[in-house]
Structures are given as C-alpha cells and as structure tokens.
Amino acid sequence: MNLFDIIFYFFALIVLVSAGIVVFSRNIIHSAFSLLFTFFGVAGIYILLNADFIAVAQILIYVGGILMLLVFGVMLTNKVVNVEIKTGTMHTLPAALLTAMTAGSLCGIFYATDWTIVEGIPEIKSTTNSLGEMFMTTYLLPFEVASVVLLVALIGAAMIARRDKSLQQ
Amino acid sequence: MEQFLRNIFDNDFFIYTVMAVVPLVWILPYALFVIWLERKVSAHMQDRLGPMRTGGWHGWLQTIADMMKLLQKEDIIPAAADNKLYNLAPYIMFAGSYAVFAAIPFSSAYIGSDMNIGVFYIIAVSSLAVVAILMAGWASNNKWSLFGAMRSAAQVVRYEIPTVLAILVVIMIAGSLSLQEINHQQTGWFWNWYIFKKFPFVFIAFIIYFVASLAEVNRTPFDIPEAESELVAGYITEYSGMKFAMFMLAEFVNMFAVSAIAATLFLGGWNSPFGDFLSGPFWGAFWFLSKGMFFVFIQMWLRWTLPRLRVDQLMYVSWKVLTPWAFVCVIGIGLWMML
C-alpha cells in the first residue's frame, strides 16, 4: 500500500462515515454540518485524481453556497420561528425496494463494465487553461445557455423577494 | 525548499509534514505580537497607554500572560448547548483559516503547495470559516450567538462577490491563477507591481479588495457580527478558555491572510521594491511579511478610527458601490487587454 492508496482510503472513509451521519442522524442540523465533511472528502478524492479545478469548485459551490443556504434555512425555521424539524423512518417497504434496486443496478454496472486502465498519461500541468479554452470553443453554446438559465433564475428570485408595492398601500 | 528537503530526507510523508507546519512557525509568534500591538495601537489612538506593566518594557509580556490565563481557565460548556458542534466549531474555524496558507507564497523558495489554481483555492477554503461561525452560533444556543452568526454569514457571502471580482482583475492581467506565477510577473522595481499597472483600474480593484476583505474578516467598520454594544460578543459569547482563544487566533490569522493576499496580488508579494537590491529567498520572506504586517496595521488603524456601519449601510456599500465598480474594473481591463 503506497501513499496514494492510503490517502484514497482516508478520504473514502471520511466520505462514507460523514454520509452515514447525514442519513442516520436524528438531528437535522447534525446532518447538515456532516455534509460539510462529505463534500470535503469528495473534493480530496478529486484532487487525488488530478482534477484540482473541480475539487475547488466543489468546495466553493457546495460548502460556500449550498451548505450555507441549507444551514441558514434550518436555523431560520428551527430556532427563530420555532418549527420543530424531525427526521424519522416512514414508508419503509417502498424505500427499501427503491434503494435495493438502485444499489443493485449500481453494483451491476460496476461489475459488468470492462474497466480499462490507461497507462502512461503525461502529467497534466494546468487544468484551468484547457477547461477555459474548451468553454470558449467546443462547448460555447451549452456554457452560454447555462449562464442564461442561471441569470433567469437570479432575476426570478429577485422578483419573488421584492416587496409588493400594490399590497403595501 | 521542497527540493532542499528532498535532498536531505527520503520520506515523502515527512517532507509534506514539514512543508505544512512551516506557516505555523510564523503564525503563532505573529498572533502573540499582533494582539499586543492591537491593544497598543488602540490605546495610543485614544490617547491612552495600553498595557504597560507586565514584563517591563511597554507591557510586552501581556499577551503571553493572557495566553497563560486562557490555558488555565475552566472550559465552560452551556448545559443547553449542542455539545458536539459546540466543541467542533473552534477547530473548523482555525482549520479554515490555516488552510489558506497552503497556497500563499512566503518567499520565492517557500510556498506550501504551488498549485495552478492557488487563488481559486484560497477563495474556496476561506468559506470554511463561515460554516464554523454558523456552527458556533447555532450550537451555543444563545440568541446573541445566533444573531451574530447569521449576520456574519450574510455579510461574508455578500462581500465575497466584490472580493472575487477585484481578484479577477489581477488574474486577467496575469493570465494565471498560481500565486507564485503572479509574483514572478511583478519582479523588478516597484512600478512593476500590479497596483501601478493599467492605471486606474487595478488601483480601484485594490481599494475594492481591501474594503471587501475587511468585511470578510469581520473587522470594523464591518464588525456587526460581533458588535459588542448589541450582541455582547456575537457567535463567541458562550465560549471561554482555549476555545475562545482558538476563535481569536483564527481571527488574527485571517487578518494576516487577507493582507498577505493583497500584498501578493497587488504589491508584488516577496519582490523587493528596489529591483535586485535586497532580493533573494530570505529577503523575499522579509518583504512579504513586512507588506502583510503593513496591511494588518492599516486594519487596526481603521478599526480605531471609524464607526461601525448599520446593516442597511452594509448592504448599500456591497451591492451599490463595490460590486458595480468591480464590474467596471473587470470590463475596463477586458477592453484594455483586447486593444
């Protein structure tokens, strides 16, 4: 077992344990904060696989954005407005069936695929340059469409959050 | 430095550990010194003397005595607090602020990890601090803590936008996200520093970055998360002893981190202001640390001269002043680069 393997199993352990807490914890705020470690572990594995840009984007967007929004939502409803949020087990049978199907198909794909390991790929020096170039050339249309969609969502959110002037008078 | 260590030792793991611990050698004495300095600066600005007795000369032992007191203090955890999160928050806070130092070049010979996405990495990991603040505020089970945490999170998220746009201006000129590469491009006399290039766009970006970074580290005039007169101490109200010390340490470390980034991006980092005069790895570390300390001093100066902003003024500054001007800078630099 070399350093690479040790680091991989370390991060895999972080991901699995924290994801377990996310799912099994009765306390929703513990679940939300445990998600932090899951994202962190996944980012670590990305870096190990030489995908540094994706790893950092993962931390920036999921930890800095989505997790914060999640925690904010829970905090505002739970402590300020006094709504009790409970997590419990319900619909046991359909849930077990669905998860068994998903897990089964994932395992099936994992074993059925003929994994090939490509040896001797040159070390990637800079991922951002090639990513940027691809965004501006090959994938220009999807990139622009995605940004327009995000802009529309942003304007929509601002519209909903705006104070209604006709109601005020 | 990594190469140097590699020549002596053979163990990868050992080398990486040494590389990771080096910033601590600077951070811990720095925190002791800066806490004393903050008290002296605040005192002299208000025509007082500050700590004078401990240790003899101008109370230089004061912080060390304070640290001893904090170490011996009883660790009080409120009965209704969320135990796990309450204990975890100080560590995440410090981990987040220390992680930033992995990508900051202290000198031409030392950088924790010379990655290609250095600046982007710094922006991302600094968001860990907000998570820790929210965690501390929620776990304390105290209304002041909770309000302080919410204000802090809202403020940091809001001021991230002008900060990132101001950094983007430098990135556009440099064409690289690696801080070491950005430093190499500013070598030479001080007019090669980015702050003096493409005048006035980069200069405006620098001002925007500096103002927004004050808000990011919750310093006055943007210290409403810890506003003493309204919120006792904000998210650290319930903390005592070493856990409180961890939050204070993280706060002072963050102050240096944003100053170091400002120095690296805009003021040439470890480059000497006078060309080849006093340059080299060791003098590089000297120049870098002095530039960083200069900004830390300015932060203190502002703290003790400016009043605190109201929440609506805070919103106004971010959305209606800093963000539009940052966009102007980005567009201006973009057009200039195309010409």
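The following conversation walks through some features of a predicted model with chains A and B.

Biologist: Which helix of chain B gives the largest share of the side that touches chain A?

Modeller: The contact takes 23 residues from chain B and 20 residues from chain A. On the side of chain B, helices H2 (12–45), H5 (118–125), H6 (128–139) and H7 (143–174) each supply at least two residues. The largest share, 6 residues, comes from H6(B).

Biologist: How many residues of each class, nonpolar, polar and charged, are on the side of chain B that touches chain A?

Modeller: Sorting by class, with Gly counted among the polar residues, gives the make-up of the side of chain B that touches chain A. That side has 1 charged residue and 2 polar residues, and its nonpolar residues number 20.

Biologist: Is H5(B) largely enclosed or not, and how many of its residues are buried?

Modeller: A residue is buried if 20 or more other C-beta atoms lie within 10 Å of its own. The buried residues of H5(B) include Gly118(B), Phe120(B), Tyr121(B) and Val125(B). H5(B) is largely enclosed by the rest of the structure, because the number of its residues that are buried is 8 of the 8.

Biologist: What word describes how H11(B) lies relative to H12(B)?

Modeller: Two packed helices are described by the angle between their axes and the distance between the axes. The axes of H11 (residues 241–266) and H12 (residues 281–303) of chain B come within 8 Å and cross at roughly 120°. Angles of 65 to 115 degrees count as roughly perpendicular and those over 145 as roughly antiparallel, so H11(B) is, relative to H12(B), oblique.

Biologist: Which residues of H12(B) make the contact with H11(B)?

Modeller: The crossing of these two helices, H11(B) and H12(B), is right-handed. From H11(B), the contact is made by Met255(B), Phe256(B), Ser259(B), Ala260(B), Ala262(B) and Ala263(B). From H12(B), the residues are Phe288(B), Lys291(B), Gly292(B), Phe295(B), Val296(B) and Gln299(B).

Biologist: Is Asp47(B) buried or exposed?

Modeller: Asp47(B) is found in the loop between H2 and H3 (62–72) of chain B, and it has a positive phi of about 60° although it is not a glycine. A residue with 12 or fewer other C-beta atoms within 10 Å counts as exposed. Because Asp47(B) has 6 such atoms within 10 Å, it is exposed.

Biologist: Where is Asn141(B)?

Modeller: Asn141(B) also has a positive phi of about 60° although it is not a glycine. With 16 C-beta neighbours inside 10 Å, Asn141(B) counts as partly exposed. Its place is in the loop between H6 and H7 of chain B.

Notes. Residues are numbered from 1 along each chain as its sequence is written. Chains are lettered from A and ligands numbered from 1 in the order in which they are written. This is a predicted model: local features need pLDDT of at least 70, side-chain atom pairs count only at pLDDT 80 or more; totals for chains, interfaces and linings use all residues. Two residues are in contact if their C-beta atoms, placed from the backbone, lie within 7 Å. Helices (H or I, at least four residues) and strands (E, at least two) are DSSP runs, numbered from the N terminus. Axes are lines fitted to C-alpha atoms, for helices over the stretch in contact, and angles run from 0 to 180 degrees between N-to-C directions. Angles under 35 degrees count as roughly parallel, over 145 as roughly antiparallel, 65 to 115 as roughly perpendicular and the rest as oblique. A crossing is left-handed if the near helix is turned anticlockwise from the far one by less than a right angle, and right-handed if clockwise.
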